There are 2 protein chains.
Amino acid sequence: MSHTLGIRQAQKQKTRQAFLDAALALLEEQSLSSLGLREVTRAVGVAPTAFYRHFRSTADLGVALVDEALGSLHPMVRTTVSATGDSEERITRAIELIARHVDAYPAHVRFIARERHGGVQPVREAIRAQLHRFAEEVKSELANDPEAAGWSDDDLLMLAHLYVDQMLITASLFLEALEAPAQERERVTQLAARQLRLISIGRSHWLD
Amino acid sequence: MSHTLGIRQAQKQKTRQAFLDAALALLEEQSLSSLGLREVTRAVGVAPTAFYRHFRSTADLGVALVDEALGSLHPMVRTTVSATGDSEERITRAIELIARHVDAYPAHVRFIARERHGGVQPVREAIRAQLHRFAEEVKSELANDPEAAGWSDDDLLMLAHLYVDQMLITASLFLEALEAPAQERERVTQLAARQLRLISIGRSHWLD
DNA sequence: TCATCCAGTTAACAACTGTTCTCTGGAATT
DNA sequence: AATTCCAGAGAACAGTTGTTAACTGGATGA
């Protein structure tokens with residue numbers, strides 16, 4: 001059941017979202033550890049002290065951004081991994097999905113790539129936790145595949161992490177190629193496809 | 001022929017190295033884009049203006065750190081990839097080498113992982129260039145392997161990039177496990193080994 | 001020996017930072 | 001209608017930042 005928010009709560013959420021949007025925009029050219037509280041409030045058009053009504057610190061804001069960037073992505077991952085069709089079809093479909101996501105939410109992708117190993121510990125931790133969730137989900141989907149017969153749990157999780165990392169590497173490549181000519185984007189697509197193909201081959205001969 | 005530096009040049013290089021060391025230490029808990037010039041000079045124990053005798057900006061210092069962290073690593077990579085022995089031996093040797101390097105130079109590894117996608121464009125560019133050099137070197141070593149017969153140049157470079165990225169992922173995992181119990185470090189070792197094993201299997205069936 | 005060089009110093013600049021306390025005005029509750 | 005609540009404003013705090021200009025004193029080269 002969804003309760004309609006009062007005028008007050010609604011306005012507060014709107015301001016909060018404005019903080020997240022402004023921060024994400026500012027973070028295209030710097031890291032979270034150098035993002036100033038006043039800088040964000042200035043971009044939102046609000047008094048510096050208003051910040052504290054929504055976040056304890058910029059690190060806190062960063063954790064919220066992690067949730068926004070990755071939280072809603074879980075269903076997408078599950079359906080992509082478990083998609084039907086032969087191996088080659090699944091590869092091209094997965095890569096196209098990544099490319100579209102980078103096109104649609106470049107700032108989100110940049111934020112995650114940047115802060116995954118960034119200078120703010122709670123944010124690193126939040127990203128690590130989300131990526132681990134992805135890996136577990138990928139693993140449980142892989143387990144449904146007939147090809148996974150005979151695989152140990154550890155090996156399945158190993159493969160899942162390989163896929164998740166590969167997904168991030170590919171997303172980062174597409175991000176770098178965002179403003180590049182279509183030819184460069186195509187090169188990235190082909191590279192990522194062949195890397196996934198090689199992993200797929202290794203996977204099918206794993207138990208030899 | 002190595003010319004002995006004058007007292008003056010020697011002292012200058014010493015101070016410069018002190019800047020690099022101090023910056024690297026400060027960067028364990030923040031990103032380069034938030035590193036202040038005064039912060040560094042304070043840590044070195046020198047006047048703020050002395051900074052300009054060595055670097056144009058903190059971004060410039062960052063580029064110098066990239067060279068220090070990755071520049072001397074190229075011979076190591078070549079010999080590791082081209083090492084003799086069967087596939088399994090090579091995998092364990094490569095991983096052990098990475099683990100030792102992370103133990104010996106954790107701050108360097110952290111810096112590269114952090115700034116690879118960080119907020120300072122010239123530094124990102126410098127890291128990208130160095131990693132591309134690594135990939136080219138790995139590729140030229142792979143080409144010497146009899147297993148590479150029939151491989152296209154593009155496919156060799158694709159595999160080389162896969163190895164380089166995997167190397168960075170593994171280094172980053174060891175970094176996170178630096179202060180963890182030996183059991184956790186062993187888990188990382190086993191995980192990395194199996195991932196390399198899977199890639200190796202995919203490699204040997206690539207031309208099927 | 002003497003003039004030149006130059007790594008590092010000192011002082012000062014306006015601009016910026018995070019955080020505190022107090023206040024306000026409209027929404028929410030009674 | 002009267003009261004409480006609370007998102008945001010305003011002002012002020014001590015400290016910080018990058019960059020400038022003019023300097024000092026020991027190494028360097030003629």
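**Entry 1. Chain A against chain B**

I began with the contact between the two chains and counted 2 salt bridges across the interface of chain A and chain B. The model is a predicted one, and I read every value below in that light.

I looked up one of these bridges. A:D155 pairs with B:R194, and their closest N and O atoms are 2.7 Å apart. I then turned to polar contacts between chain A and chain B and found 16 residue pairs, with both partners at pLDDT 80 or more.

Which helices of chain A supply at least two residues each to the side that touches chain B? I noted α6 (106–115), α7 (121–142), α8 (153–176) and α9 (182–204). The largest share comes from α8(A), with 11 residues. I sorted that side of chain A by class and got 11 nonpolar, 13 polar and 12 charged residues.

Next I checked the extent of the contact. Chain A gives 36 residues and chain B gives 36 residues. About 3000 Å² is buried between chain A and chain B, and carbon and sulfur atoms give 63% of that area. I asked which three residues of chain A supply more of its buried area than any other three. They are A:H117, A:R194 and A:L198, at 22% of what chain A buries against chain B.

**Entry 2. Two domains in chain A**

I moved on to chain A alone. Its domain assignment lists domain 1 (7–55) and domain 2 (68–204). I took the centres of the two domains over C-alpha atoms and got a separation of 29 Å. Domain 1 of chain A puts 10 residues into the contact, and domain 2 of chain A puts in 9 residues.

How much area do domain 1 and domain 2 of chain A bury between them? The value is about 820 Å², with 61% of it on carbon and sulfur atoms. On the domain 1 side, I listed A:L24, A:E28 and A:L32 as the residues that lose the most area to domain 2 of chain A. Together these three make up 62% of what that side buries.

A:E28 came up again when I looked for charge pairs. The rule finds 1 salt bridge across the interface of domain 1 and domain 2 of chain A. A:E28 forms a salt bridge with A:R110, and the closest N and O atoms are 3.2 Å apart. I also recorded 6 residue pairs in polar contact across this domain interface, both at pLDDT 80 or more. The side of domain 1 of chain A that touches domain 2 of chain A holds 4 nonpolar, 4 polar and 2 charged residues.

**Entry 3. DNA strand C**

I then went to the DNA. Around strand C I counted 19 residues, the closest being A:L37, A:R38, B:R8, B:T15 and B:R53. Sugar and phosphate account for 47% of the strand C atoms that come within 4 Å of the protein.

I looked up individual contacts on chain B. B:R8 places a polar side-chain atom 2.5 Å from a sugar or linking oxygen of DNA strand C. B:A47 uses a polar backbone atom, 2.7 Å from a phosphate oxygen of DNA strand C. B:H54 has a side-chain N or O atom 2.6 Å from a phosphate oxygen of DNA strand C.

Which elements give two or more residues to the surface near DNA strand C? I found α1 (7–26) and α2 (37–44) of chain A, together with α1 (7–26) of chain B. By class, this surface has 6 nonpolar, 6 polar and 7 charged residues.

**Entry 4. DNA strand D**

I repeated the search for strand D. There, 19 residues surround the strand, and the closest are A:R8, A:T15, A:A47, A:H54 and B:R38. Of the strand D atoms within 4 Å of the protein, 48% belong to sugar or phosphate and the rest to bases.

I noted three phosphate contacts. A backbone N or O atom of A:A47 lies 2.5 Å from a phosphate oxygen of DNA strand D. B:L37 brings a polar backbone atom to 2.6 Å from a phosphate oxygen of DNA strand D. For A:K12, I read 3.3 Å between a side-chain N or O atom and a phosphate oxygen of DNA strand D.

At least two residues each of the surface near DNA strand D come from α1 of chain A and from α1 and α2 (37–44) of chain B. I closed with the classes for this surface, which are 6 nonpolar, 6 polar and 7 charged residues.

Notes
Residues numbered from 1 in each chain as written. Chains lettered and ligands numbered in written order. Predicted model: local features only at pLDDT ≥ 70, side-chain atom pairs only at ≥ 80, totals over all residues. Heavy atoms only, no water. Near = heavy atom within 4 Å. Polar contact = N/O pair within 3.5 Å; in protein donor to acceptor, adjacent residues only side chain to side chain. Helix = DSSP H or I, 4+ residues; strand = E, 2+ residues; numbered from the N terminus. Nonpolar A, V, L, I, M, F, W, Y, C, P; charged D, E, K, R; others polar. Domains from an automatic or database assignment. Contact = heavy atoms within 4.5 Å. Buried area = accessible area lost by both parts, 1.4 Å probe. Salt bridge = Lys/Arg side-chain N within 4 Å of Asp/Glu carboxyl O.
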